Amino acid sequence: MDYREERIIAHIDMDAFFASVEERANSDVRGKPVVVGADPKGGNGRGVVSTANYKARAYGIHSAQPIARAWRFSEEARKKGSESAIFLPVDFLLYGRVSKHLMEILHSYSGAMEEASIDEAYLDISFVWNYKKAENLARKIKEKIKYEEGITASVGIGPNKLIAKIASGMEKPDGLTVVLPERVQPFLAPLPIREIPGIGPKTAEMLYGKKIFLVQDLRKISEAELYEWLGEWGLSLYEKARGLDTSPVCEGEEIKTIGDQETFEEDTLSPRLLSERLYVMCKNVLGSLSQGGFQTFRTVTVTVRFSDFRTFTRSHTMKNPAAKEDVLRIEALKLLLPFLDKRENPYKMRIRLLGVRIEKLA
Ligand code: TTP
Ligand code: MG
């Protein structure tokens, strides 16, 4: 057996993170349906929902949804006699402070910790030796987080990061899911392919077109075929479908992408305005790059959302790492320009949101 298969990995993900922190910090909103995000402006707001707690999710509200739609769901609920949701602005400083403390708590349980986002981390807990002990440790971690920060987390445990990550999402909120190595195949088989991290709407759409809906369907496809359809990513998918993942839990890989985005007050197709805003975002992104302790990036991604909410992302990965703002500006502009003319925008649809992201940081 490969020594790597003997690892025991935990993935910890806070439940409704921003909203849980708000509930904890503010007794007025505790126990109520809470939505954190842009200002709903009485149903005319233009931004999106960052997150909603589970009570607000019962109304149909979720992350990345237009805030105006969330407002309508809340109004519908109110008319049916339920409480209307409480809308709060995003308080990044507060969540950042809580996140830092949470990561310190997690780090105290294992030297091998990888921060995966503001509210999730992987811990290599192979030192406990067996899954029973791993489960006990996970309970302790959950209790500690509850005691220290007053919020709940969901934990997944498995033989690698891939399985741990999928497992942590299985019994949210306040969940604890253990997938023994011998249970990996039956655990994965019935899951929808979208549960596999990395399968986004584009890959999913392509696979649905080939009547592949569940992981067990995906497993019937040969490596050669997946490579033909998806290139390198297809090979990686072949392994994921079998629950294989040898990537280590690495310290210091905490920030993988840095981005900024803006929803405009009014939809626009003005090249001048769009390029100006793009440049400001490039500046912000590069500022965060150095703050995060990185110097270079290789991938630039631009996101465009049109007024009808159709959303597109276009990426370019450079051969060599870059560090300069003008490189970022030019790459981002090259990705944006097709959306301003016939190439990607034949009907001259106006743009509602623009975003820039950099990846492959070093
Ligand atoms: P998630 O862990 O994806 O979501 P969550 O913690 O709110 O809910 P759960 O894990 O229980 O499903 O994201 C963590 C935080 O990141 C979330 O609280 C708010 C922020 N976020 C956004 O701002 N926009 C988004 O689209 C998403 C998905 C998250
Ligand atoms: Mg979460």
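Which domains does the domain assignment of the protein give? Before I answer, please keep in mind that what we are looking at is a predicted model. The assignment lists four entries by number: domain 1, made of 9-16 together with 93-181, then domain 2 at 33-84, domain 3 at 186-240, and domain 4 at 257-359. To give a sense of the layout, the C-alpha centres of domain 1 and domain 4 are 33 Å apart.

Let me turn to ligand 1, around which there are 14 residues, with A16, T51, Y54, R57 and D119 coming nearest. Domain 1 and domain 2 each contribute at least three residues to this shell, and in terms of secondary structure, at least two residues come from each of strand 1 (9-14), helix 1 (17-25), strand 3 (49-52) and helix 2 (54-57). If we sort the shell by residue class, we find six nonpolar, three polar and five charged residues.

As for polar contacts, the side chain of Y54 places a polar atom 2.6 Å from an oxygen atom of ligand 1, while on the backbone side a polar atom of A16 lies 2.8 Å from a ligand 1 oxygen, and a polar backbone atom of F17 lies 3.0 Å from an oxygen of ligand 1. On its own, ligand 1 has 560 Å² of accessible area, and the protein covers 68% of that.

Next comes the magnesium ion, which is ligand 2, and here the protein donors are D13 and D119, each through OD, and M14 through its O atom, at distances of 2.0 to 2.2 Å. Along the chain, these donors follow the spacing D-M-x104-D. D13 sits in strand 1, whereas D119 belongs to the loop between strand 5 (113-117) and strand 6 (120-124), so that this pair, 106 residues apart, links distant parts of the chain. What is the geometry of the site? With six donor atoms and angles among them of 77 to 179°, the site of the magnesium ion is octahedral. D119 therefore appears twice in this account, as a donor to the magnesium ion and among the residues that come nearest to ligand 1.

Finally, a word on backbone geometry, for those who will want to check the torsions themselves. K172 and P173 are joined by a cis peptide bond, with omega at about -10°, and P173 is placed in the loop between helix 6 (161-168) and strand 8 (176-178). D174 lies in the loop between helix 6 and strand 8 as well, and its phi is near 60°, a positive value in a residue other than glycine.

Notes:
Residues are numbered from 1 along each chain as its sequence is written. Chains are lettered from A and ligands numbered from 1 in the order in which they are written. This is a predicted model: local features need pLDDT of at least 70, side-chain atom pairs count only at pLDDT 80 or more; totals for chains, interfaces and linings use all residues. Side-chain values use heavy atoms; hydrogens and water are left out. Domain bounds come from an automatic or database domain assignment. A residue is near a molecule or strand if one of its heavy atoms lies within 4 Å of it. A polar contact is a pair of N or O atoms within 3.5 Å; within protein, one must be able to donate a hydrogen and the other to accept it, and residues adjacent in sequence count only if both atoms are side-chain atoms. Accessible areas come from the Shrake-Rupley method with a 1.4 Å probe; for residues, only the protein chains shown count as cover. Helices (H or I, at least four residues) and strands (E, at least two) are DSSP runs, numbered from the N terminus. Ala, Val, Leu, Ile, Met, Phe, Trp, Tyr, Cys and Pro count as nonpolar, Asp, Glu, Lys and Arg as charged, and the others, Gly among them, as polar. Donors are N, O and S atoms within 2.8 Å of the metal (3.2 Å for Na, K and Ca); water is not among the atoms, so sites may look incomplete. Four donors count as tetrahedral if all angles lie between 85 and 135 degrees; four count as square planar and six as octahedral if opposite donors are over 155 degrees apart and all others between 65 and 115; anything else is irregular.
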